[in-house]
Amino acid sequence: MRGSVTVHINAPADRVWLLISDVTQIGRFSPETFEAEWLDGATGATAGARFRGHVKRNEKGPVYWTECTVVACEPMRKFAFEVSSRPFGLPIAPRNTVQLTWSYVLEEAGGGTAVTESFELTRTLPMRLYWALLGWIRGPRIERDMRRTLQAIKTVVES
């Protein structure tokens, strides 16, 4: 119920950080989340800031919004957020229960930055059932999409 991908980027962490921590840029890089916006007057990444992302699952649909809360914001080191909304209002998890955590960890490596993107599903019964039934399909897809996201960031940062 988790996975990660690491990509080496030939650039310092501060250049990578600018793109990873600005959720309004995600549509440039992610195959699934095509836009995001800060909520509640937030204008940038800080712990506790909320945003919502517009998702097109598997690049085909369905299309829905998710609400997220930044849970880790250590400049040039770690950016993480929890997804706690219920797509379409469906009760796939109790209200206000975190369903998914995404994180980006940056580490100096080889004259550049190793960036690890990861996800972890909350171990609630609905999530365990979902992963048991669809994890064999969804897990590899998520890992491919994380690699695509990081490769797209790498292309921009290195150019």
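In this predicted model, I137 is found in helix α2. With a relative accessibility of 45%, I137 counts as partly exposed, because that value falls between the 20% and 50% limits used for buried and exposed residues. I137 also contributes to a nonpolar patch on the surface, which covers about 480 Å² and is made together with L133, L134 and W136.

Attention can now turn from nonpolar side chains to charged ones. Side chains of opposite charge can pair when their charged atoms come close. In the present model the count comes to 12 salt bridges, and a few of them are worth walking through one at a time.

A convenient place to start is again helix α2, which spans residues 125-158. Here the side chains of K154 and E158 meet in a salt bridge, with an N to O distance of 2.9 Å. The two residues sit four positions apart in the helix, so about one helical turn separates them. Their surroundings can be told apart by accessibility: K154 counts as buried at 17%, whereas E158, at 32%, counts as partly exposed. K154 is placed in the buried class because its value is under the 20% cut-off.

A second pair joins distant parts of the chain. E120 forms a salt bridge with R2, and the closest N and O atoms are 3.2 Å apart. E120 belongs to strand β7 (residues 112-121) and R2 to strand β1 (residues 2-9), with the two positions 118 residues apart in the numbering. Within this pair, R2 is exposed, having a relative accessible area of 55%, while E120 is partly exposed at 35%.

A third pair involves a loop. D40 and R50 form a salt bridge in which the closest N and O atoms lie 2.6 Å from each other. D40 is located in the loop between β2 (33-38) and β3 (50-56), and R50 is in strand β3, so the contact ties together parts that are 10 residues apart in sequence. The loop residue D40 is exposed, with a relative accessible area of 63%; its partner R50 is partly exposed, with 28%.

Finally, salt bridges in this model can also extend beyond a simple pair: E59, R141, D145 and R148 are linked in a network of them.

Conventions:
Residues numbered from 1 in each chain as written. Predicted model: local features only at pLDDT ≥ 70, side-chain atom pairs only at ≥ 80, totals over all residues. Heavy atoms only, no water. Salt bridge = Lys/Arg side-chain N within 4 Å of Asp/Glu carboxyl O. Buried < 20%, exposed > 50% of the residue type's maximum accessible area, 1.4 Å probe, protein only. Patch = residues over 30% accessible without salt bridge, like charges linked within 9 Å, V, L, I, M, F, W, Y side chains within 5 Å. Areas by Shrake-Rupley, 256 points an atom, 1.4 Å probe, with all protein chains shown as cover.
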